[in-house]
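Pull the structure up on your screen and keep the sequence beside it. We'll walk through it together, from the whole fold down to single side chains.

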Amino acid sequence: MPLKKAGSVYILVVEDDKSVREFLADQLTDQGYKIMTADNGAEAVECVQNSKFHVVISGFRMPGMDGIQTLEAIKKIDPEVPIILSSGHGNAEVAAEAMKKGAYHFLQKPFRMNELFRLIEKALEKSEQKGLEALLEAAMDRLKEHFHADEGSLMLTDKAKRLYIACGRGLSEETVYSTTLKLGERVAGLAAQESREYLINGGLEKYPEFRGIEKKPRIRSSIVIPVHCEGKLLGVLNLNRTKSPDDFTHKDLRGVSHFVSQIAPAIQSAKRDEDLEAARREQIIRQFSSTPTQNQPR
């Protein structure tokens with residue numbers, strides 16, 4: 001185990017077939033994992049309510065709650081736990097639904113134990129990585145507090161090179177979810193296009209470069225900084241003061257710029273991990289799309 005020692009990892013095995021359940025439990029115990037078993041979805045949910053697990057391995061076709069229903073119920077209790085579903089009747093539709101609902105992987109039975117062992121290790125590695133959302137939220141909270149901003153946002157670029165708000169503070173939900181900008185559009189898009197930092201005090205009308213951009217009188221002072229790593233544009237940081245009587249200073253600009261340069265590599269790494277995870281999920285679905293349906297035992 002690269003990150004956790006196997007003996008400290010608790011795995012829940014959910015399987016209605018007793019022989020399969022006991023076989024998996026024995027094999028995983030031999031690897032040093034701590035194992036608890038459940039023979040149906042309802043029992044599995046009760047286990048998760050009472051104990052913390054690092055991974056859940058569940059069959060799909062079970063009496064009562066099926067694998068998808070069990071997955072959904074467990075995710076409501078512990079959204080972060082990786083869940084590996086397995087079935088002998090898997091197809092692209094089932095795999096796609098499972099991945100959409102948050103499954104870490106969907107295994108076609110029969111599978112090799114070495115394959116399951118590798119999946120468990122990868123799931124544990126992923127669970128220990130700080131996700132992009134958590135990283136951006138922590139960064140925005142720190143920036144807002146340290147530089148006394150009333151609101152702000154971290155915008156990232158999508159595949160079409162448009163900017164969208166990945167994390168906002170002090171903004172309405174409508175603003176967060178509906179705002180997308182092209183490069184060169186508004187102040188953030190201009191900062192991204194020109195690779196230029198801006199300190200704006202007293203309104204946009206004081207700055208010729210912002211001629212034609214819609215003014216927002218409620219914003220008294222702003223810092224806008226493009227986020228780069230290894231020469232690649234990742235996004236734009238915006239900090240605003242709408243209530244504070246004091247303007248941002250050049251010292252604030254330097255401080256925010258330094259913070260952005262420090263956090264940019266972590267953002268790039270987390271963004272790359274999310275892209276790889278999305279590609280992995282798509283590959284799983286394609287794999288089931290190209291696999292002929294087989295009448296296999298559960």
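How much surface does the protein expose, and what share of that do carbon and sulfur atoms supply? The exposed area comes to about 16100 Å², and carbon and sulfur atoms supply 47% of it. Keep in mind that this is a predicted model. Of the 298 residues in the protein, 47% are buried. The secondary structure amounts to nine helices and eleven strands. If you take the contacts between residues at least 6 apart in sequence, 60% of them join residues at least 24 apart.

Let's start with the sheet. Six strands make up an open sheet with antiparallel pairing, and their order reads S8-S7-S6-S11-S10-S9. Strand S8 (180-181) and strand S9 (198-201) stand at the edges; each has a single partner strand, so one side of each is left without a neighbour in the sheet. Strand S11 has S6 and S10 beside it in that order. Nine of the ten residues of S11 are buried, so the rest of the structure largely encloses this strand.

Now look at how S11 is held on its two sides. Strand S6 (residues 151-157) runs antiparallel to strand S11 (residues 232-241), and six bridges join them. You can pick out a couple of the facing residues: Glu 151 has Asn 240 as its bridge partner in S11, and Leu 154 stands opposite Leu 237. Over towards S10 (residues 221-229), nine bridges join that strand to S11, again antiparallel. One of the partnerships there is Pro 226 with Val 236 of S11. S10 and S11 form a hairpin with two residues between the strands, and Glu 230 takes a positive phi there, near 55°. As you step along any of these strands, one general point helps: in a regular strand the side chains alternate between the two faces of the sheet.

On to the helices, with H4 as a good one to look down. Its buried residues are Ala 92, Val 94, Ala 95, Ala 98 and Met 99. Seen down the axis of H4, these residues fall within an arc of 165°, so they line one face of the helix. The general background is that an α-helix has 3.6 residues a turn, so residues three or four places apart point the same way. Turn H4 over, and the face away from its buried side carries the exposed residues Glu 93 and Lys 100. After the helix comes Gly 102, with a positive phi near 110°.

What about charged pairs? Side chains of opposite charge can pair when their charged atoms come close. A search of the whole structure finds nine salt bridges. One of them is between the side chains of Glu 72 and Lys 101, at 3.0 Å from N to O. Glu 72 sits in helix H3, while Lys 101 is in the loop between helix H4 (92-100) and strand S5 (105-108), so the pair ties together parts that are 29 residues apart in sequence. Both ends are partly exposed: Glu 72 has a relative accessible area of 30%, and Lys 101 comes in at 36%.

Another salt bridge joins Asp 141 and Arg 169, with 2.6 Å between the closest N and O atoms. This pair also links distant parts of the chain, 28 residues apart, with Asp 141 in helix H6 (residues 132-146) and Arg 169 in strand S7 (residues 163-169). Asp 141 is partly exposed, at 39% relative accessible area. The side chains of Arg 162 and Asp 158 meet too, at 3.2 Å from N to O. Here Arg 162 is partly exposed at 41%, and Asp 158 is partly exposed at 23%.

Which charged residue is buried yet has no salt bridge? Have a look at Arg 21, in helix H1 (residues 18-30). Arg 21 is buried, and the nearest side chain of opposite charge, that of Asp 39, is 4.7 Å away. A salt bridge needs the side-chain nitrogen within 4 Å of a carboxyl oxygen, so this pair doesn't count as one. Beyond its neighbours within four places in sequence, Arg 21 is in contact with Val 13, Glu 15, Asp 16, Thr 37, Ala 38 and Asp 39.

Finally, go back to helix H3 (residues 67-77) and find Ala 73. Leaving aside neighbours within four places in sequence, Ala 73 is in contact with Val 45 and Met 65. Ala 73 and Gly 41 are 32 residues apart in sequence, and their C-alpha atoms are 8.7 Å apart in space.

Conventions. Residues are numbered from 1 along each chain as its sequence is written. This is a predicted model: local features need pLDDT of at least 70, side-chain atom pairs count only at pLDDT 80 or more; totals for chains, interfaces and linings use all residues. Side-chain values use heavy atoms; hydrogens and water are left out. Helices (H or I, at least four residues) and strands (E, at least two) are DSSP runs, numbered from the N terminus. Buried means under 20% relative accessible area, exposed over 50%, partly exposed in between (1.4 Å probe, protein chains only). Contact means heavy atoms within 4.5 Å. Accessible areas come from the Shrake-Rupley method with a 1.4 Å probe; for residues, only the protein chains shown count as cover. Two strands pair if DSSP finds at least two bridges between them. The arc is that of the directions from the helix axis to the C-beta atoms. Lys and Arg count as positive and Asp and Glu as negative; His and the chain ends are not counted.
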